[in-house]
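Visitor: Could you pick one part of this model and take me through it closely? I'd like to see how the rest of the chain relates to it.

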Amino acid sequence: MSRYALRVASLAAALGLWQLLTSLKIDVWLRFSQFPTVTEVARAFADRLSGGDYWTDLADSLTRILTGFLLAAVLGVATGVLVARSRLAEDLLGPLLEVVRPIPAIALVPVAILLFPNNEQGIVFITCTAAFFPVLVSTRHAVRALTPVWEEAVRTMGGGRWRVLGSVVLPGALPGIFGGLSVGIGVSWICVISAEMISGQYGVGYRTWQDYTVVDYPGVFVGMVTIGVLGWVTSTAVELLGRRLTRWLPRTSYAAADRVPRVRGTAPAPVPSSPEPVREVPDDQLV
């Protein structure tokens, strides 16, 4: 409970500092006088919650992000395993993937507009591309880092390729796969909001950009807060799912290594002293 209280206190302190700087209109290099206060953002948020457009935009953004992310998860894991396990696939797909990977997904907006018949499919394509490469790279590294002894043990007992894949490769690579999924969901939110700002008609990103064009700064911050909360909820869901599927992994503890619990009323364990150095005895003193 103390940890949760500390987290709430840190968030409250940040909001209090925001309210103080904006209400006093502090302008010391950073112009906080241009920012809306926390109370203004809260009032705008309450007004949006009572309207239907907010929930429509929320549903549209969630549909786009979930569709693109699920496609990226399936394609990224499959491609990562294939490239890591097959030299032929690595030679055929590796150069193409490494050339396309550095291109920002948001730079593919013109390509999506020209390639797909409507904006909705283009936004899903951009979201999928943004999450695909983190999942691919994490899966590839996780598969290549597996101990060969595990695969050899399965093959010794008569297991084939599919048995190795289901019993060794995928379970052993799960921690790395979920690391890529956690990164991918965050990158997906960045790109889907940017794509909605450029070519969308509905969604949180589209509404945030419209608020900016009409100089509705409290509405802009409502969109920013909504994006932050949605990103936190989805990334937490991915992390919890990863912990659920990797319960067999040992978990690290936040306790200090030198802090050893002991029963009340007992003395602490003695610290072993270093042994005395062995002295050499001359041969004439030996019995």
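Guide: A quick word on terms: helices here are DSSP runs of H or I with at least four residues, strands are runs of E with at least two, and both are numbered from the N terminus. Keep in mind that this is a predicted model. With those terms, the protein has 10 helices and 2 strands, and along the sequence they read α-β-β-α-α-α-α-α-α-α-α-α. Of its 287 residues, 31% count as buried. Among contacts with a separation of 6 or more, 69% join residues 24 or more positions apart.

The part I'd pick is helix H8, which spans 161–199. Let's start with the nonpolar core. The largest one has 49 residues, and Ile126, Leu181 and Trp189 have the most contacts inside it. Helices H2 (38–49), H3 (52–85), H5 (109–115), H6 (119–144), H8 and H10 each supply at least two of its residues. H8 gives the most, with 14 residues. As a general backdrop, nonpolar side chains in soluble globular proteins tend to be buried together.

Now for some individual residues. Leaving aside residues up to four places away in sequence, Leu181 touches Phe69, Ala73, Val135 and Val238. Ser188 also sits in H8, and its relative accessible area is 0%, so it is buried. Beyond its sequence neighbours within four places, Ser188 is in contact with Ile65, Phe69, Thr127, Ala130 and Ala131. Phe69 therefore turns up in both lists, touching Leu181 and Ser188, given that contact means heavy atoms within 4.5 Å.

Cys191 is buried too, at 8% relative accessibility. Although 84 residues separate Cys191 from Ala107 in sequence, their C-alpha atoms are 9.7 Å apart. Ala107 belongs to the loop between helix H4 (87–100) and H5, and at 43% relative accessibility it counts as partly exposed. If you're wondering about cysteine pairing, the count of disulfides is 0. Cys128 is another buried cysteine, with a relative accessible area of 12%.

Further along we get to the charged pair I'd zoom in on. Glu196 forms a salt bridge with Arg64, and the closest N and O atoms are 2.8 Å apart. Arg64 is in H3 and Glu196 in H8, so the bridge ties together parts that are 132 residues apart in sequence. Which side of the burial cut-off do the two partners fall on? Buried means under 20% relative accessible area; Arg64 has 3% and is buried, and Glu196 has 0% and is buried as well. Arg64 has quite a list of contacts outside its sequence neighbourhood of four places: Glu120, Ile123, Val124, Thr127, Val192, Glu196, Tyr202 and Gly203.

For context, the whole structure contains 11 salt bridges. One of the others pairs Arg243 with Glu239, with the closest N and O atoms 3.0 Å apart. These two residues are 4 apart in helix H10, so about one helical turn separates them. Here the partners are partly exposed: Arg243 has a relative accessible area of 46%, and Glu239 comes in at 40%. Elsewhere, Arg48, Asp211 and Asp216 are joined into one network by salt bridges that share partners.

Back to H8, this time from the surface. Met197, Ile198, Trp209, Tyr212, Val215 and Tyr217 make up a nonpolar surface patch with about 580 Å² of accessible area together. H8 and helix H9 (204–213) each supply at least two residues of that patch. Val215 contributes from the loop between H9 and H10 (217–245), and it is exposed, with a relative accessible area of 53%. Its backbone deserves a look as well, with a positive phi of about 60 degrees even though Val215 is not a glycine. Most residues other than glycine have a negative phi. Trp29 is another non-glycine residue with a positive phi, about 70 degrees, and it lies in the loop between strands E1 (27–28) and E2 (30–31). At 81% relative accessibility, Trp29 counts as exposed.

So, following H8 around, you meet its 14 residues in the core, the bridge from Glu196 to Arg64, and its share of the nonpolar patch.

Conventions
Residues are numbered from 1 along each chain as its sequence is written. This is a predicted model: local features need pLDDT of at least 70, side-chain atom pairs count only at pLDDT 80 or more; totals for chains, interfaces and linings use all residues. Side-chain values use heavy atoms; hydrogens and water are left out. Patches are made of residues with over 30% relative accessible area and no salt bridge: like charges are joined within 9 Å, nonpolar side chains (Val, Leu, Ile, Met, Phe, Trp, Tyr) within 5 Å. Accessible areas come from the Shrake-Rupley method with a 1.4 Å probe; for residues, only the protein chains shown count as cover. A salt bridge is a side-chain nitrogen of Lys or Arg within 4 Å of a carboxyl oxygen of Asp or Glu. Buried means under 20% relative accessible area, exposed over 50%, partly exposed in between (1.4 Å probe, protein chains only). A disulfide is a pair of cysteine sulfur atoms within 2.5 Å. A nonpolar core is a set of buried Ala, Val, Leu, Ile, Met, Phe, Trp, Tyr and Cys residues joined through side-chain atoms within 4.5 Å.
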